Amino acid sequence: MSIQTQRLGRGLGWRPELDGAVAHAKLGFLEVVAESIGSRRLPAGVEAARERGLAVVPHGIRLSLGGAEHPDARRLEHLASVAERVGAPLVSEHIAFVRAHGQESGHLLPVPRTREALEILAENVTIAQRALPVPLALEHVATLVEWPDAEMDEATFVSELLERTGALLLLDLSNLFANAHNHGYDALEALTRFPLKRIAYVHVGGGVFRDGVYHDTHADAVVPGVLAMVEELHALTDAPGVLLERDDDFPPQDQLLAELCAIDEAARRGSERRVG
Amino acid sequence: MSADRTGYAAKQAALLEALLRGGEPPAGFAAAKAHAASQSLRRKRVGAVRHAWPALTVALGATFDERFDAFARTTGPPAFGEGLADGLAFVSSLAPAHELGDDVRVELVFARAILVRVRRDGGGWRPRRGPFARIARLRHPHRLLFVVHLPRLGPRHASVALVP
């Protein structure tokens, strides 16, 4: 039985370029990058989706919960205010850092998988949770570089963090696939040890292999290996929501809709195996 | 065990520095993977600026990547504003805007409507909260572009042709 009670259904990461797809696909929810929502009106496509009854989940990318500093009060306030404005059932952020010594990375970077990092991260997550009006889900990130001297693997690290803080899991199957491929371990085996009962929703995004390295681009089709993970996940547990991420190189609408269907199909095949 | 945030910060700063500069990573990191990560970071950064500044991308053409690399070597990614703010800092480091053509000039005015430079914090950009108005003289055709940006309403613009 899962902790998260809200059923979200089929989702799409909102971008202005995807307004057409959002209007035509039968979606249950959208995810919006929290930092892209200003103090003016919500983007028309997001407002229209809300009016049609879609849930909207703010997804933060610059809080730097994995950083050494406490989360910035202004950034937390912004995330909380976006959650309130869209009537969000939850918000999500990352197990990552994006700045150090005042220097921005511009991208999500991994944290060391050590007891020390776990303590700092848990403290930062607790501070964030106190400032937010809704539950917080945490996403693990894809990374090409790994910290040396890891004390535990990613599944264990994420499980411990969520156990300590009570935060929910934003399970990113593409990130898990990417890390397993690039750092040499079994993705499906690792999946079974993630805290699946804490899933708030799932991310699925496209990527590409280049010179033996898998790049989680969100600008390409979802590879068969990731679709297989959608199926395997649903063979293990029910997921409240599955969201497709497409950030760039936008395909024609019917291609995007077909991809959403392929994800649905993989989920259905997995669920059939679970319930028989 | 009480966590040492200071030491933790130093380790993260060292990794970040290496990834941004594309140089040798700190001890213990696999050099090839760090290099791949560094390239990926740079590719994403350039991609975000190109996406936010399509006219600038066209104007710079084949020289875009090289000129952005030179800029990126001395200026890190922005704290706010992502590709728009990054591109604004980039454009500001190039030749005077009018030399880049009307389309870039228009992009620049609209970016300035949304972002304002902060004097402290090393001169980064923040979302503009107050009203904004600017007139830009464009050349092809010869006209004046009026841009007004009001909080809650967003940018509005109008062009007036200039009689030769």
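## A tour of chain B

Select chain B: among its contacts with a separation of 6 or more, 40% are between residues 24 or more positions apart. Keep in mind that this is a predicted model.

Next, colour chain B by secondary structure. Six helices and five strands appear. Follow the chain along its sequence and the order reads α-α-α-α-α-α-β-β-β-β-β, with the helices before the strands.

Now show the C-alpha trace of chain B and turn it about. The trace spans about 70 × 40 × 20 Å along its principal axes. The radius of gyration of chain B is 20 Å, while a compact globule of 164 residues would have one near 15 Å.

Switch on the surface of chain B. About 8900 Å² is exposed, and 58% of that comes from carbon and sulfur atoms. How many of the 164 residues count as buried, as a percentage? For chain B the figure is 39%, where buried means under 20% relative accessible area.

Select the charged side chains of chain B. There are 25 positive and 13 negative ones. The centres of these two sets are 7 Å apart.

Finally, bring chain A into view beside chain B. Here 40 residues of chain B touch 44 residues of chain A, counting heavy atoms within 4.5 Å as a contact. Together the two chains bury about 3600 Å² between them, with 58% of that area given by carbon and sulfur atoms. Which residues of chain B lose the most area to chain A? Select Arg5(B), Tyr8(B) and Gln12(B): together they make up 21% of what the chain B side buries.

Conventions:
Residues numbered from 1 in each chain as written. Chains lettered and ligands numbered in written order. Predicted model: local features only at pLDDT ≥ 70, side-chain atom pairs only at ≥ 80, totals over all residues. Heavy atoms only, no water. Helix = DSSP H or I, 4+ residues; strand = E, 2+ residues; numbered from the N terminus. Rg over C-alpha atoms; globule rule 2.2 N^0.38 Å. Buried < 20%, exposed > 50% of the residue type's maximum accessible area, 1.4 Å probe, protein only. Areas by Shrake-Rupley, 256 points an atom, 1.4 Å probe, with all protein chains shown as cover. Lys, Arg positive; Asp, Glu negative; His and termini not counted. Charge placed at Lys NZ, Arg CZ, Asp CG, Glu CD. Buried area = accessible area lost by both parts, 1.4 Å probe.
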